[in-house]
Amino acid sequence: MDQFTLNLIVIGLSFALYFGIAFWARAASTSEFYAAGQGVGPVVNGMATAADWMSAASFISMAGLIAFGGYNNSVFLMGWTGGYVLLALLLAPYLRKFGKFTVPEFVGDRFYSTSARMVAVICLLVISITYVIGQMVGVGVTFARFLEVSTTTGLLIGSAVVFAYAVFGGMKGITYTQVAQYVVLITAYTIPAIFISLSLTGSFLPQFGLIGGYAPSNGEVAFLEKLDSVVTELGFAAYTAPTSNMLNMFLVTMSLMIGTAGLPHVIIRFFTVPKVSDARSSAGWALVFIALLYTVAPAVGSMARLNITTTFWPGAVTGSAFDAPAVSLADIESNPELSWVNNWQKTGLLAYSDLNGDGLIQYFNEPAPLAAANKALADAKKALADAAADADKAPLEQAVTDATTARDAVLAEVQLGGQTLAERGLVGNELTTVNNDIMVLANPEIAKLPGWVIALVAAGGLAAALSTAAGLLLAISSAISHDLIKGALKPDISEKGELLAARISMAFAIVLATWLGLDPPGFAAQVVALAFGLAAATIFPVLMMGIFSTKVTKEGAIAGMLVGLISTAVYIFLFLGWFFIPGTNVYPNTPDAHFFGISPAAFGPIGAVLNFVVAYIISGMTKAPPQDVQDLIQSIRVPKGAGAAQAH
C-alpha cells in the first residue's frame with residue numbers, strides 16, 4: 001500500500017471517530033454547550049484539558065523551534081509547563097467555586113460591572129483569535145504534506161472538519177472528542193520518538209537518550225556533544241550554547257507562564273467538573289498527561305536536527321560533515337528513502353537550489369555578509385534581465401560584475417571547517433528553506449520509519465491542532481453569545497436562541513481564523529506565543545486581582561485591562577504589522593530593531609506590570625467595592641464548610 005493511501009485511511013479513521021463522538025455527545029442545552037453539564041470526571045477532564053492545552057504549537061512547532069534554536073527556545077518548555085502549575089494552583093479551584101461558565105462572566109460579577117465584562121470579552125476575543133491562527137497554521141501544514149495539497153487547501157479542509165464537530169457538539173462534544181484526540185496525539189508523538197531514540201542513542205526512552213551516548217560511535221561520544229560538533233562545523237551556533245539575551249529569554253518565559261494561567265480556553269475546562277476539589281484534581285491529572293509529551297519534546301527536537309543535518313551531509317553520521325560529499329540531486333530524485341525531500345518541497349515549506357551547479361546540495365549557515373552579497377548580486381542580475389531591449393546596459397552589466405567581485409571577496413574570506421568557502425566551491429546555503437513546523441511531521445520520514453508510523457504522526461498533528469482550535473472557538477462563541485448577547489445586548493434571550501447564537505458566532509469565528517491563517521505572522525508556536533503575551537497582560541492580572549484582592553475596583557480593573565491590552569498589542573503590531581497585515585509593520589522584526597532587545601513575544605510581562613500598577617492606582621482613587629462583593633471574594637478563597645480554628 002502506498003503512503004498516500006495509508007495516510008488517507010489513518011486520518012479518515014481518526015476523523016470518523018471524532019465525528020461519531022461529537023454526534024453521540026452533541027449539546028442539547030446551554031449548560032452542555034458551555035460546560036458539558038458540569039458532569040465531567042477529573043481524569044477525563046484532565047485528559048481533555050491536556051489535549052486542549054497541547055496544541056499544534058506543542059505537537060508540531062515546539063520541537064521544530066527547539067531543533068533549530070536549541071537552548072534559546074527551551075523557553076517554550078519552561079514557560080508552558082511552569083504556567084500550567086500556576087493555573088492549577090492559583091486560579092482553577094477558585095474560578096470553579098465561583099460557579100460561572102466563562103471568564104468574562106467572572107470578571108463582570110466580581111467587578112460588579114457590565115463594562116468590565118465587555119472589556120474582558122474584547123481581551124478574550126483578541127487572545128483567542130490570535131491563538132487560533134497558530135492552530136490553523138498547523139492544520140494547513142499537516143494537510144498540505146500528507147494529503148499532498150497546498151497549505152491553503154489544507155487549511156480549508158481543516159476548517160471544515162472543525163466546523164463539523166465543534167459547532168454542534170459544544171463543550172460536551174468537544175470534551176469527549178478531545179479525550180480521543182489526546183490518545184491519538186500522544187501515541188503519534190511517542191512511538192516515532194522511541195524508534196528514533198533507539199536508532200541514534202540505543203535508549204528506549206527518548207528522555208534518557210537525550211543525555212545518553214551516540215549509538216553510531218558505540219556510545220563513546222555523548223549525543224548532545226555529537227550534535228554540537230556537527231552544527232558548529234557547519235557554521236551554526238552550538239546547540240547547547242547559552243542565550244545571548246538573558247533579559248529577553250526571562251521575559252518570554254514569564255510571558256508564557258503567566259499567559260498560560262490567563263488562557264480563556266483552558267480556564268473554561270475547569271468549569272466542567274462537578275466539584276471544586278475535582279478542579280484541582282483534574283489539573284493534576286492534566287499535568288501528568290502533558291508531561292508525557294513535554295518530557296519527550298527536547299529529545300524529538302534535538303534528534304530531528306541531527307537527522308536532517310546528516311541527511312544532507314552523510315559523512316557526519318560517523319565522522320565530520322566534510323568527510324564525504326553532500327547529498328546529491330541524483331540521490332534526492334532516485335533514492336526512495338529521500339523521497340520526503342521532494343514531497344515537502346511541493347508544500348513550499350522546504351526548498352533547495354543547486355547554486356554552484358555541482359549537483360550537490362550543501363547545507364550550512366550562510367553568514368550575514370555572504371547573504372547580503374548574494375542578494376546584491378541577485379538584484380543586479382534581475383535589473384539587467386528586466387532592462388528594456390534598447391536600454392544602455394553597460395552600467396547594469398558593470399553592476400553585475402562589481403556585485404560578483406564583492407561576493408567572491410566574501411567567499412575568499414569566510415571559512416567553514418578550516419577552509420574558505422571559495423576553496424570548498426560554495427557560493428551560498430543551498431537548503432534555502434526549512435520551515436520549523438515540518439520537523440516533527442517529517443522526522444519519521446527522515447529517520448526512515450515504517451509507513452504506518454508516518455501516517456500516525458499525520459493523524460496526531462491534526463488531533464493536536466483540531467483539539468485546541470475547537471476549545472478556542474468555543475471560548476470565542478461563549479464570549480459572544482453568553483457574555484456579549486445575553487450579558488449585555490439581549491438579557492432576555494431564550495436558551496434556544498442563545499444556543500443558536502453560540503453556534504453562529506462559532507461559525508463566523510472559524511471563517512475569520514481561516515482567513516487570518518492564510519498569511520500568518522510566524523510559525524505556529526511563534527503566533528501562539530503572541531497570544532500568551534496578550535493573555536499575560538490582560539486576563540491573568542485581572543483574575544489574580546479579582547481572586548486575591550478585595551480592594552481593586554471596577555474602574556481599576558477596566559483601566560488595567562485596557563492599558564495591558566493596548567500596550568502589548570501596539571508593541572506586537574509595531575514589529576509584525578497592524579492586525580498582522582503584512583507590510584504594515586513600522587520596524588523590522590529583528591533583534592537589532594527590538595527596544596532594549598525585547599521581542600514582541602516577550603512584552604507580555606511588561607504589559608502585566610502596567611495592568612497591575614494602573615489598576616491599583618485607579619482603585620486607590622475610586623470608591624471601594626461594595627461589601628457584598630468583598631464578602632464574595634473572601635468566600636471563594638475558603639474551602640466549603642471550613643469553620644473557625646479550635647484550641648486544643
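## Aromatic pairs and overall form

Phe289 counts as buried because its relative accessibility is 10%, under the 20% limit for that class. Trp285, at 37% relative accessibility, counts as partly exposed. Both belong to this predicted model. The two residues lie four positions apart in helix α13 (residues 276–294), so about one helical turn separates them.

A pair of aromatic rings is described by the distance of the centres and the angle of the planes. The protein has 17 aromatic pairs. Trp285 and Phe289 form a stacked pair, because their planes meet at 25 degrees with the ring centres 6.0 Å apart. Phe312 and Trp340, by contrast, are arranged edge-to-face.

| Pair | Centre to centre | Angle between planes | Class |
|---|---|---|---|
| Trp285 and Phe289 | 6.0 Å | 25 degrees | stacked |
| Phe312 and Trp340 | 6.5 Å | 90 degrees | edge-to-face |

The pair of Phe312 and Trp340 joins distant parts of the chain: Phe312 lies in helix α14 (residues 297–312) and Trp340 in helix α16 (residues 339–345), 28 residues apart. Both Phe312 and Trp340 are buried. Elsewhere, Tyr571, Phe575, Tyr587, Phe595 and Phe603 are linked by ring pairs into a cluster.

The protein as a whole contains 27 helices and four strands. Its radius of gyration is 26 Å, close to the 26 Å given by the globule rule for 648 residues, so the protein is as compact as a globular protein of that length. The C-alpha trace spans about 80 × 60 × 55 Å along its principal axes, and 57% of the 648 residues count as buried. Of the exposed area, about 24,600 Å², carbon and sulfur atoms supply 65%.

Methods: Residues are numbered from 1 along each chain as its sequence is written. This is a predicted model: local features need pLDDT of at least 70, side-chain atom pairs count only at pLDDT 80 or more; totals for chains, interfaces and linings use all residues. Side-chain values use heavy atoms; hydrogens and water are left out. The radius of gyration is taken over C-alpha atoms; the globule rule is 2.2 Å times the number of residues to the power 0.38. Buried means under 20% relative accessible area, exposed over 50%, partly exposed in between (1.4 Å probe, protein chains only). Accessible areas come from the Shrake-Rupley method with a 1.4 Å probe; for residues, only the protein chains shown count as cover. Rings of Phe, Tyr and Trp (its six-membered ring) pair if their centres lie within 6.5 Å; planes under 30 degrees apart count as stacked, over 60 as edge-to-face and the rest as tilted.
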